[in-house]
Amino acid sequence: MTMDLLTVEALERPRDDDEVRAALPGLGPDRALLGGGTFLFSVPQPHLRGLVDLTAAGWTPITAADDGLTVAATATLARLADLDPAAYPQWPALPLLAGCCEALVGSRKVWHVATVGGNVCLALPAGPMTTLAAALDGVATIWDASGRQRRELVEDLVVGTRRTTLVAGEVLRSIHLPATALRGRTALRKASLAPLGRSAVLIAGRRDPDGAFTLAVTAAVPRPAVLRYESLPTPDRFAADVDALGATHGGWYDDPHGTPEWRHAMSRHLAEEIRAELR
Ligand SMILES: Cc1cc2nc3c(=O)[nH]c(=O)nc-3n(C[C@H](O)[C@H](O)[C@H](O)COP(=O)(O)OP(=O)(O)OC[C@H]3O[C@@H](n4cnc5c(N)ncnc54)[C@H](O)[C@@H]3O)c2cc1C
């Protein structure tokens with residue numbers, strides 16, 4: 001699964017926040033941040049001369065507080081999947097964490113290395129950590145090279161296939177999943193051409209205690225789409241809103257994992273399954 005990156009001459013391993021911030025200036029096409037490396041070490045990267053490994057910075061993977069969960073960018077998918085929902089009975093949404101990790105069918109070997117930040121920042125349409133964050137109103141904290149930080153909804157951070165709003169010198173530090181969203185019930189559906197194939201459609205829904213309904217559609221469109229309703233929509237209105245996503249979110253995605261027509265049809269079908277489950 002991994003390969004040597006023969007052009008890389010320097011590997012930096014910042015040990016704390018100050019060292020991470022000091023490493024940010026100079027990031028660019030030839031000097032990249034490294035999470036778990038499950039993507040970076042899986043395909044040739046001839047443009048790379050240096051890597052900044054974030055995993056030695058000592059960021060606490062998951063922090064629970066009254067206002068929700070904060071997940072460090074360096075938290076592995078395995079850490080997220082292992083969080084025991086029974087320990088947080090006030091947050092019925094928690095099983096969605098393991099569900100979204102399972103959508104990345106790379107076996108636990110990949111889960112133990114792949115990071116939440118790497119998954120979001122790689123910005124594949126089938127990035128299940130983007131799905132998770134989009135469905136739970138996840139807010140990214142981003143540090144820049146001049147020491148400032150900004151916050152942005154993860155659904156807005158990912159703007160297309162392999163494209164995010166991050167600019168050179170920025171690092172995704174963490175994602176906050178607010179308690180207001182964690183109090184909802186959730187449902188998840190995935191479609192792929194093969195049982196262990198990459199997601200062609202990955203949709204997560206959430207029903208809040210006040211009746212509000214949220215649907216995050218990913219993998220079927222190049223960038224995450226989130227539909228929000230104050231109460232459960234009628235089937236007809238809901239189907240029309242899902243149909244419209246092809247036009248508003250970059251077209252139904254077309255790659256070897258599924259045709260646009262099939263992705264559209266499956267999105268409609270699975271979205272309605274979620275609506276019915278969360279009735
Ligand atoms: C068998 C297998 C199956 C896979 N299936 C899927 C799948 O279904 N869906 C999917 O989306 N991916 C999939 N992948 C690709 C990849 O493994 C995952 O996306 C993984 O989560 C990437 O995380 P990482 O920490 O290993 O990222 P890395 O390889 O370390 O980095 C990925 C990119 O993100 C950047 N980056 C990393 N951390 C940060 C940060 N904190 N701030 C800013 N930029 C950062 C890096 O510079 C790089 O450009 C799969 C890979 C394998 C090997």
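The ligand lies between domain 1 (10–55) and domain 2 (62–180), because both give residues to the shell around it; the domain bounds come from an automatic or database domain assignment. This is a predicted model, in which local features need pLDDT of at least 70 and side-chain atom pairs count only at pLDDT 80 or more, while totals for chains, interfaces and linings use all residues. Residues are numbered from 1 along each chain as its sequence is written, and side-chain values use heavy atoms, with hydrogens and water left out.

The shell holds 28 residues, and the closest are L33, G36, G37, T38 and T115. A residue counts as near the ligand if one of its heavy atoms lies within 4 Å of it. By type, the shell divides into 17 nonpolar, 10 polar and 1 charged, where Ala, Val, Leu, Ile, Met, Phe, Trp, Tyr, Cys and Pro are nonpolar, Asp, Glu, Lys and Arg are charged, and the others, Gly among them, are polar.

Polar contacts between ligand and backbone (pairs of N or O atoms within 3.5 Å) include these:

| Ligand atom | Partner | Distance |
|---|---|---|
| oxygen | L33, polar backbone atom | 2.6 Å |
| oxygen | G36, polar backbone atom | 2.7 Å |
| nitrogen | A126, polar backbone atom | 3.0 Å |

On its own the ligand has 980 Å² of accessible area, and the protein covers 88% of this; the areas come from the Shrake-Rupley method with a 1.4 Å probe.

The elements that give two or more residues to the shell are β2 (31–34), α5 (116–122) and β10 (171–178). Of these, α5 gives the most, with 5 residues. Helices (H or I, at least four residues) and strands (E, at least two) are DSSP runs, numbered from the N terminus.

How values were computed: Polar contact = N/O pair within 3.5 Å; in protein donor to acceptor, adjacent residues only side chain to side chain.
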